[in-house]
Amino acid sequence: MSIQEIALSQNQKKKLLKAIKDKSVLFEDDNGDIVLDIVVYLNLKKDQDTAPIEAILGDDVLDLTVQYIIFT
């Protein structure tokens, strides 16, 4: 399993959770980290023709070759 970790401010975490409500794409774990499933997110981007995470964090932040991204 490949994982990328990205440190975010609390405000950025709130924006992400507000932008993506689908728990199969993005969810908050027990310790407050936010987990993104890349495969499901790429399907969401394709279906909705939008990139909500890139709009919040910028285009060059995500490594789309990993399985999961953990926002701490």
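**Group meeting: the core, helix 2 and the sheet**

Let me start with the largest nonpolar core, which has 17 residues, and among these Leu26, Leu36, Tyr41, Ile53, Ile69 and Phe71 touch the most other members. By such a core I mean a set of buried Ala, Val, Leu, Ile, Met, Phe, Trp, Tyr and Cys residues joined through side-chain atoms within 4.5 Å, where buried is under 20% relative accessible area, exposed is over 50% and partly exposed lies in between, with a 1.4 Å probe and protein chains only. At least two residues of this core come from each of strand 3 (34-37), helix 2 (38-48), helix 3 (52-57) and strand 4 (68-71), and helix 2 gives the largest share, three residues. Helices (H or I, at least four residues) and strands (E, at least two) are DSSP runs, numbered from the N terminus.

A word on the basis: this is a predicted model, in which local features need pLDDT of at least 70 and side-chain atom pairs count only at pLDDT 80 or more, while totals for chains, interfaces and linings use all residues. Residues are numbered from 1 along each chain as its sequence is written, and side-chain values use heavy atoms, with hydrogens and water left out.

Turning to helix 2, which of its residues are buried? They are Ile38, Tyr41 and Leu44, and they lie on the same side of helix 2 because they cover an arc of only 120 degrees around the axis, the arc being that of the directions from the helix axis to the C-beta atoms. Val39, Lys46 and Asp47, on the other side of helix 2, are exposed. The cover over the buried residues includes strand 3, helix 3 and strand 4, with contact taken as heavy atoms within 4.5 Å. Just after helix 2 comes Asp49, with a positive phi near 55 degrees.

Now the sheet, which is open and built from four strands in the order 1-4-3-2, with mixed pairing; two strands pair if DSSP finds at least two bridges between them. Strand 1 (3-6) and strand 2 (26-28) are at the edges, each with a single partner strand, so one side of each has no neighbour in the sheet. Strand 2 and strand 3 run antiparallel and are joined by three bridges, and Phe27 has Val35 of strand 3 as its bridge partner.

Finally, Ile69 from the core, leaving aside its neighbours within four places in sequence, is in contact with Gln4, Ile6, Ile34, Val35, Leu36, Ile38, Leu62 and Asp63.
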